[in-house]
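These are my notebook entries on a structure I went through today, set down in the order in which I looked things up. I began with the enclosed spaces and then moved on to the chain contact and the salt bridges.

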Amino acid sequence: MQKKVHFSEPVPHIHRTVLANGLTVIAVENPAADIIAARIYIRAGSRWEPKGKAGLAHLLAAVITKGTEKLSAWEIAEKVESVGASLGTDAASDYFLLSIKTVSADFANILNLAGEILRSPTFPESEVELERRLAIQDIRSQQEQPFSIAFDRLRQAMYRDHPYSFSSLGTEETVANLNSAQLQEYHQTYFRPDNIIISLAGRIAPEDAVDAIAQVFGDWQVPPTPLSPLLLPAVLPQASWSAIPQATQQSIVMLGYLAASVQEEDYVKLKLLSTYLGNGLSSRLFVELREKRGLAYEVSAFYPTRLDASQFVVYMGTAPENTAIALEGLRAEVERLSIAPLDEEELQASKNKLLGQYALGKQTNSQLAQIFGWYEIIGLGIEFDHEFVSAVSAITTAEAQEAAIRCFVEPCVVLVGPETAIASLVSPTI
Amino acid sequence: MSQLLTTYQFPATAFKLDNGLTLIHQHLPATPVVVVDVWVKAGAIAEPDQWSGMAHFLEHMIFKGTEQLEPGAFDRVIENRGGMTNAATSHDYAHFFITTAAQHLPETLPALAEILLQAAIPADEFALEREVVLEEIRQTYDNPDWVGFQALSESIYQRHPYGRPVLGTSSKLLERSPEEMRCFHRFHYQPHNMTVAIVGGIPAEEAIKLVEKYFSDFDAPASCPTYTPEAEPPLTEIRRQELRLPRLEQARLMMAWTAPGVEHLRSAYGLDLLSVLLAEGRTSRLIRELREEKQLVQSINSAFSLQQDSSLFTITASLDPEHLDQVEAIVGDAISELQTTPLPTKDLARCQRLLCNDYAFSTEAPCQLAGMYGYYNTIASAELAVTYPEQIKSFQPKELLHLASQYLSPYRYAVTILKPC
């Protein structure tokens, strides 16, 4: 019988404050190293992109560091690089992110720079043009990777009109039409203090962290008009089948099921099932399809945390002649979870694995800043750090099975590989 | 009893056990986690040519257990207790690590020692796992950057086994037997070849006790064909090759120079600085000129990879095929400039600060520390790892100019170009 294990992780004291202008600050003091990491989250990920403008948030991330009212692209880079700091921007589906990491003494200066970048970017036309062209090249380069080809198709098949149907890069067509005025407008709409969380961890007292942030962002006025709520098309499960011929050495076999958003009850149960199937060397897919049958080197499952309907994905790369049995094997393993409950031992082992790795994911300052800010920006709040642990611990085998029955209905299937290996396969249900 | 090896500034402690095994330990009382990272001097350069791929394949087979632990049992011991485990093989080493809660170490460490020392390498599992490795090889052929880098390595290392792929090739792997692998294991997985790095919430006495107890039962060394790498003669020309690949969206320009190995560690660190100067960050010379100003590349990177016998200095770019010649010429000019013009103090200070901060940023977590100590102890000695920031800070423009002249050249390098079919 598997025993329950605990990581006696010292609970970091998390300090949370909301400034008068609505900007939320989360600070964790961690004196272990002479480092401060901060994550500035803005509710402006690709989920908020207007229809037909996929890639806008990503382009904004590329250009926002390339000119402000006071500084040129070169001066910005020089300020960061001359002190060996890092400052990066990224557009995810559910948030826009500016990350910084510095030795403690440089933190105030780099935070100041981050403030300048977020508050008064100028989006110079020449920089927009350069980064747009590079984004289009990046989109094309994605096609060099068989996994990306498969995953792109899976997203389109599952999400159709919802913004999750595109990678954050967008598509060649949508990116080609983006311009500086659209970046300005997007920035003006979403970059406002009541739409921002700043989360940091490192060698700094929480009150000093709040002061530093208030100094840079405290006088940023909230616009008089409230943000209008985002209305997105509902996503409904719909089975599909795609076979994409490519002259590759391996076939990629990928199955996706529409799955619970982070607000739904099934979220933690599906996290547990994805751990059971795809996490680590003792995971079910690894043992059954790789260790016992030698079908793959890479075989896994993932279930990202999403504000809207997520996707539960299983996939593997296999020799072309094994495409059919790989598909059958993946599907059988997923559907097995609906047919019969896990036994108690499997359940406890998966809980230990999920919670153990969860604890291990909170070791560095960047990880601490990342996780608490992320919980806040997606509306779960920092309490979720504890709630998640209790919720996972409480899952029963019957509840896990019920979640499986609701989620694993009919998959969207994508095959990428040599035409001879994939063309003859047909979906048993379509 | 173990003998103390360490000097003052080193935050960890190195012990040599009676059987010749080295233990590096650092106690981090604030963390509940312990990392055990075992490094074995048995990477791909230990293989005779016909056994290419053996070291990596053995790394897979280690996880197939022993007479006491059936295949998969080790993975469950670690993961069912909330821990993580994995392994990696390169030319200079194979290493195996677990991250585990401190209170589970009495169960997890013995299991790790057991699979490393008593690997059974069962014949049926050997045949099955070979299929997995063949899939791994197949997957790398679908990655153009890997294909290009491998071609470049083969071109620059024509004698030294750094030119061979760590994974080996399908045809060579198919000729190997479980018995040969057992010999390879018993010959190389011996205490004098092994460093156990333990970092985290465990005091030294406990760590020593566990390691002395469980890393003791080594088999007598078997005989095994060995291989002494030949030194690579210096490049005397531009060694050029061009590959046409299907499914390629952008061309690649991949240039490489060989550089000193660990016995000239200071020179290697100097070249590390030059690599940052050329292509790390938007203010670096090549990114500024080629990505931002002339806009000739999609991306450009420079890397310095420290290796035991011979390090590798590389510059790689993704770009439109029509810009290949021009970009290669500009990189050549940038190399010439390093040889003729001393670095402005400001540029040097930027690179020094960046590398010292990178060092601080990458030694935060126990797994990063354990990995660094184990790696350094495998190719040189663990204590050297922590001298890095001081070494980096002490470089002057003149020394770097000299290093650039000695090791880099616009007339002597290997270049591999990938073009779409």
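**Entry 1, cavities.** I searched the model, which is a predicted one, for enclosed space and found 2 cavities of 30 Å³ or more. The largest cavity holds about 40 Å³ of space, and I listed its lining as Leu116(B), Leu117(B), His185(B), Arg186(B), Tyr189(B), Gln190(B), Phe218(B) and Asp219(B). When I assigned this lining to secondary structure, I noted that α3 (105-117) and α7 (178-188) of chain B each supply at least two of the residues. By class, I recorded 4 nonpolar, 2 polar and 2 charged residues around the largest cavity.

For the second largest cavity I noted a volume of about 30 Å³, with a lining made of Leu274(B), Leu338(B), Thr341(B), Pro342(B), Leu343(B), Pro397(B), Leu400(B) and Leu401(B). Helix α16 (residues 397-407) of chain B gives the largest share of that lining, 3 residues. I then sorted the lining of the second largest cavity by class and found 7 nonpolar residues, 1 polar residue and no charged ones.

**Entry 2, the contact between the chains.** I next asked how many residues each chain brings to the contact, and I wrote down 57 from chain B and 72 from chain A. The size of an interface is often given as the accessible area lost when the parts come together. I therefore looked up that value as well: the area buried between chain B and chain A is about 5,400 Å², and carbon and sulfur atoms give 51% of it.

Turning to the polar side of the contact, I counted 10 salt bridges between chain B and chain A. One that I checked by name joins the side chains of Lys101(A) and Glu364(B), at 3.5 Å from N to O. I also noted 32 residue pairs in polar contact between chain B and chain A, with both residues at pLDDT 80 or more. On the side of chain B that touches chain A, at least two residues come from each of α2 (73-79), β5 (84-89), β6 (94-101), α4 (123-141), α10 (285-293) and α12 (345-361) of chain B. Of the contributors to this side, α4(B) gives the most, with 9 residues. I classed the residues on the side of chain B that touches chain A as 17 nonpolar, 16 polar and 24 charged.

**Entry 3, salt bridges over all chains.** For the whole structure I recorded 54 salt bridges, and I picked out the one in which the side chains of Arg336(A) and Glu346(A) meet at 3.5 Å, N to O. Arg336(A) belongs to helix α11 (residues 323-339) of chain A and Glu346(A) to helix α12 (residues 344-360) of chain A, so I noted that this pair ties together parts that are 10 residues apart in sequence.

**Entry 4, a loop residue.** Last, I looked up where Gln263(A) sits, and I placed it in the loop between β8 (251-259) and α9 (266-278) of chain A. Setting aside neighbours within four places in sequence, I found Gln263(A) in contact with Leu307(A) and Ile378(A). I also took the separation of Gln263(A) from Glu81(A), which comes to 182 residues in sequence and 40 Å in space, C-alpha to C-alpha.

How values were computed: Residues are numbered from 1 along each chain as its sequence is written. Chains are lettered from A and ligands numbered from 1 in the order in which they are written. This is a predicted model: local features need pLDDT of at least 70, side-chain atom pairs count only at pLDDT 80 or more; totals for chains, interfaces and linings use all residues. Side-chain values use heavy atoms; hydrogens and water are left out. Contact means heavy atoms within 4.5 Å. Buried area is the accessible area (1.4 Å probe) that two parts lose on being put together, summed over both. A salt bridge is a side-chain nitrogen of Lys or Arg within 4 Å of a carboxyl oxygen of Asp or Glu. A polar contact is a pair of N or O atoms within 3.5 Å; within protein, one must be able to donate a hydrogen and the other to accept it, and residues adjacent in sequence count only if both atoms are side-chain atoms. Ala, Val, Leu, Ile, Met, Phe, Trp, Tyr, Cys and Pro count as nonpolar, Asp, Glu, Lys and Arg as charged, and the others, Gly among them, as polar. On a 1 Å grid over the protein atoms alone, a cavity is a set of points where a 1.4 Å probe fits but cannot get out, and a pocket is an open set with protein on both sides within 12 Å along at least five of seven lines; lining residues have an atom within 4 Å of a point. Grid points are joined across faces, edges and corners, and a volume is the space filled by probe spheres set on the points.
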